[in-house]
Amino acid sequence: MATSRTEFTRRVLIVLGIVAVAVVLFEVAHAVFGVVLLLFLGVLLAVFLDGLARWLSRHTPLARKASVGVVLVVLTALLIGAGWLLGPRIAEQVAALTEAVPRTMERVEAWLRQFNWGEAVVERMPASPGEVLPENASGLGAVTTAFSTVLGALVNVVIVLFVGIYLALSPSLYVDGLVRLVPKGHRVRAREVFAALGTALRRWLLGRIASMTVVGVLTAVGLMLFGIPLAFTLGLIAAVFSFVPYIGPLLAFAPAVAVALGEGGSAVLAVLGIYGVVQFAESYLITPLIQKRAVSMPPALLITAQVLLGVLAGPVGIVVATPLAVVAVVLVQMLYVEDVLGDDVEVMGGGEPAEATS
């Protein structure tokens with residue numbers, strides 16, 4: 001009897017140990033995954049800087065590192081100039097937006113209270129933002145949480161900047177290091193894959209930036225023509241959020257509706273029409289034209305990648321979901337379809353189909 005109890009205890013301890021190890025490994029993998037996504041953002045920045053430096057090197061006698069330096073100086077000057085010229089206006093409109101949203105919510109609440117079902121909805125809503133926070137999140141705890149969040153975001157931005165700049169200055173150094181990890185017989189193919197990945201990501205970024213610019217301008221102009229307040233800031237929000245396909249435009253639509261609700265029914269209809277027309281133009285006119293020289297992705301694949309990475313890594317996962325999907329598709333095309341199956345395929349972001357290699 002004692003022996004059976006001892007054996008049972010031993011088995012329970014083994015199971016608990018396995019569960020504990022699995023939990024620790026999961027937490028470690030989750031943390032490492034977050035770091036990898038952060039580094040991938042640095043890679044995207046490097047691809048962006050590299051594309052500009054390549055263009056500058058082709059049109060000037062500047063060497064590569066000098067071209068990257070010029071690009072960094074010009075971009076920094078543009079950001080400082082834009083902040084100096086547009087910063088006060090943006091800050092003013094953002095402040096007005098933060099004031100407009102609560103007023104709009106009060107009007108929506110008053111409208112809902114006219115109905116029995118609306119009264120039930122209002123009763124379930126938090127009466128103030130403080131109720132959404134945990135009880136211990138008030139006072140010093142809230143300040144500490146906010147400070148740590150801002151500090152963490154700043155550290156992440158600095159990491160992305162340094163990774164992107166160093167990769168852009170000497171990409172061959174890092175590519176050579178990765179290629180050396182591949183068996184000698186496959187190193188030529190590895191360089192081809194890295195080159196194809198760089199081309200695909202550059203063209204994807206080009207397409208996204210062009211689409212963001214057009215969406216932002218069309219949104220701002222349309223809102224101005226219909227007299228919607230905060231048109232400039234709402235157009236800027238629409239441009240930035242459209243970096244993330246499908247999900248981004250939906251998020252950018254919310255503040256515009258909140259502003260329009262405070263102006264009346266005609267403003268709401270105008271906003272619905274403007275955003276509908278802009279998204280129609282972006283989906284059926286702008287994007288097809290851009291994708292002739294950029295990269296196109298199947299919508300179902302993009303949405304699936306966004307959902308999966310959003311669940312695994314939160315907002316950062318959603319932001320990098322599309323470029324990671326581009327990387328995955330290129331790897332499958334080159335390493336599986338071409339090398340394993342032996343079929344010819346037009347590699348995403350590339351030109352003519354590459355010949356299959358053994």
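**Salt bridges, a nonpolar patch and helix α11**

In this predicted model, the count of salt bridges comes to eight.

User: Which residue of helix α6 meets R191 in a salt bridge?
Analyst: R191 lies in helix α7, residues 187-225. Its partner belongs to helix α6, so the pair ties together parts that are 15 residues apart in sequence. The N to O distance is 2.9 Å, and the partner is D176.

User: Is D176 buried, partly exposed or exposed?
Analyst: Buried requires under 20% relative accessible area, and exposed requires over 50%. D176 has a relative accessible area of 30%, so D176 is partly exposed.

User: How many residues apart in sequence are the parts tied together by E338 and R189?
Analyst: The side chains of E338 and R189 meet in a salt bridge, at 2.6 Å from N to O. E338 lies in helix α12 (residues 315-338) and R189 in helix α7, so the parts tied together are apart in sequence by 149 residues.

User: Which residue in the segment after α12 pairs with R189?
Analyst: R189 counts as buried, at 10% relative accessibility. Its partner in the segment after α12 counts as partly exposed, at 23% relative accessibility. The two side chains meet in a salt bridge of 3.0 Å, N to O, and the partner of R189 is D339.

User: Which helix gives the most to the nonpolar patch?
Analyst: The surface patch of about 690 Å² is made by V157, V158, L161, F162, Y166, L173 and Y174. Two helices, spanning 140-169 and 171-179, each supply at least two of these residues. With five residues, the helix that gives the most is α5.

User: What is the relative accessible area of Y166?
Analyst: Y166 lies in helix α5 and is one of the residues that make the nonpolar patch. Membership of a patch requires over 30% relative accessible area. Y166 is partly exposed, with a value of 48%.

User: What distance separates the end C-alpha atoms of helix α11?
Analyst: Helix α11 has 15 residues, 299-313. At 1.5 Å a residue, these should span 21 Å. The separation of the end C-alpha atoms agrees with that expectation, at 21 Å.

User: What arc around the axis do the buried residues of α11 cover?
Analyst: The buried residues of α11 are L302, A305, Q306 and L309. They lie on the same side of α11, because the arc that they cover around the axis is only 100°.

User: Which exposed residues does α11 carry on the face turned away from its buried side?
Analyst: The buried side of α11 holds L302, A305, Q306 and L309. On the face turned away from that side, the exposed residues are A300, L308 and V311.

Note on methods. Residues numbered from 1 in each chain as written. Predicted model: local features only at pLDDT ≥ 70, side-chain atom pairs only at ≥ 80, totals over all residues. Heavy atoms only, no water. Patch = residues over 30% accessible without salt bridge, like charges linked within 9 Å, V, L, I, M, F, W, Y side chains within 5 Å. Areas by Shrake-Rupley, 256 points an atom, 1.4 Å probe, with all protein chains shown as cover. Salt bridge = Lys/Arg side-chain N within 4 Å of Asp/Glu carboxyl O. Helix = DSSP H or I, 4+ residues; strand = E, 2+ residues; numbered from the N terminus. Buried < 20%, exposed > 50% of the residue type's maximum accessible area, 1.4 Å probe, protein only. Expected span 1.5 Å × (residues − 1). Arc of directions from axis to C-beta.
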